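Subject: Structure handover

Hello,

I am passing this structure on to you. Please open it first, then read my notes below.

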Amino acid sequence: MAQNHDSVVAIYPGSFDPITSGHLDLIERGSRLFGRLIVAILQNEAKSALFTVSERMEMLNEAIAPYPNVEVDHFAGLLADYAVKKGARGILRGIRAISDYEYELQMALMNHRLQPRIETIFLPAGEQYSFVSSRLVKEVFTLGGDISGLVPAGVERRMRAKLATRL
Ligand code: PNS
């Protein structure tokens with residue numbers, strides 16, 4: 001049955017450790033495509049993270065404040081199951097380069113096999129952010145490099161505070 005895009009729920013999943021300006025650009029564009037966009041943080045105990053899930057939720061909640069149809073949540077287990085639980089029709093993912101595409105395609109096909117009614121929508125990363133990743137931002141920052149503009153201002157502040165407690 002055809003659906004007005006205003007009623008379409010989509011999930012934007014990720015680790016968001018931390019959220020970057022590239023993520024935020026995708027959130028802004030996704031908020032114009034879907035009626036409701038849920039930014040969902042993967043709770044992954046195995047992955048050693050810089051920020052806790054609740055810290056990441058706080059930073060994301062600050063960053064999404066201008067977008068009334070965007071909300072933040074966290075999930076564990078299969079993304080496809082979580083998407084069904086939320087009544088989502090779409091999974092939003094950004095592609096920065098061809099190297100991203102291979103992994104993203106595998107995930108999209110696997111999620112489609114698990115839940116054929118849910119479609120993955122790829123958006124090209126904003127060109128000014130096509131080299132930005134949470135991993136590189138953390139590495140550059142830890143080694144004293146300038147990351148201004150690559151993460152929201154609140155995130156940079158928290159990274160400075162986090163680093164100070166680790167020294
Ligand atoms: O920010 P990331 O690390 O690229 O996000 C990866 C994420 C969270 C989208 C992916 O690891 C995921 O969906 N994990 C949930 C577990 C799952 O459903 N695995 C099968 C994926 S096909």
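Helices (H or I, at least four residues) and strands (E, at least two) are DSSP runs, numbered from the N terminus. Please keep in mind that this is a predicted model.

**The sheet**

Start with the open sheet. Five strands make it up, in the order 3-2-1-4-5, and they pair in parallel. Strand 3 (70-75) and strand 5 (119-124) stand at the edges. Each has a single partner strand, so one side of each has no neighbour in the sheet. From one strand to the next, the twist averages 30 degrees. As background, strands of a sheet pair through backbone hydrogen bonds, either parallel or antiparallel.

Now look at strand 1 (residues 9-14). Strand 1 pairs with strand 2 (residues 36-42) in the parallel sense, over six bridges. V9 stands opposite R36 in strand 2. Y12 has V39 of strand 2 as its bridge partner.

Is strand 1 enclosed or not? Six of its six residues are buried, so strand 1 is largely enclosed by the rest of the structure. V9, I11 and P13 point one way from the strand. A10, Y12 and G14 point the other way, and all are buried.

**The loop after strand 1**

The loop between strand 1 and helix 1 (21-33) deserves a look; T20 lies there. F16 is found in that loop too, and so is P18.

Two backbone details come up here. Most residues other than glycine have a negative phi, and most peptide bonds are trans. F16 has a positive phi, near 50 degrees, and is not a glycine. The peptide bond from D17 to P18 is cis, with omega near 0 degrees.

Are F16 and T20 buried or exposed? Buried means under 20% relative accessible area. F16 has a relative accessible area of 2%, so F16 is buried. T20 also counts as buried, because its relative accessibility is 2%.

What does T20 touch beyond residues up to four places away in sequence? Its contacts are V132, S133, S134, V137, L150, V151 and P152.

**Helix 1**

I27 lies in helix 1. I27 counts as buried, because its relative accessibility is 0%. Leave aside its neighbours within four places in sequence, and I27 is in contact with Y12, I19, L37, V39, L60, I64, Y67 and V70. Y12 and V39 are the bridge partners from strands 1 and 2. The C-alpha atoms of I27 and I38 are separated by 9.3 Å. Along the chain, I27 and I38 are 11 residues apart.

**The cavity**

Last, the empty space inside. How many cavities of 30 Å³ or more are there? The count comes to one. About 50 Å³ of space lies in this largest cavity.

Its lining is made of P13, L79, I91, R93, E104, M107, A108, N111 and T120. P13 is also one of the buried residues of strand 1. Five lining residues are nonpolar, two are polar and two are charged.

Which elements supply at least two residues of the lining? Strand 4 (90-95) and helix 4 (98-114) each do. Helix 4 gives the most, with four residues.

For a quick tour, begin at strand 1 with its buried residues. Move on to the cis bond from D17 to P18. Then go to I27 in helix 1. Finish at the cavity, with helix 4 in its lining.

Best wishes

Definitions and conventions
Residues are numbered from 1 along each chain as its sequence is written. This is a predicted model: local features need pLDDT of at least 70, side-chain atom pairs count only at pLDDT 80 or more; totals for chains, interfaces and linings use all residues. Side-chain values use heavy atoms; hydrogens and water are left out. On a 1 Å grid over the protein atoms alone, a cavity is a set of points where a 1.4 Å probe fits but cannot get out, and a pocket is an open set with protein on both sides within 12 Å along at least five of seven lines; lining residues have an atom within 4 Å of a point. Grid points are joined across faces, edges and corners, and a volume is the space filled by probe spheres set on the points. Ala, Val, Leu, Ile, Met, Phe, Trp, Tyr, Cys and Pro count as nonpolar, Asp, Glu, Lys and Arg as charged, and the others, Gly among them, as polar. Two strands pair if DSSP finds at least two bridges between them. Axes are lines fitted to C-alpha atoms, for helices over the stretch in contact, and angles run from 0 to 180 degrees between N-to-C directions. Buried means under 20% relative accessible area, exposed over 50%, partly exposed in between (1.4 Å probe, protein chains only). Contact means heavy atoms within 4.5 Å.
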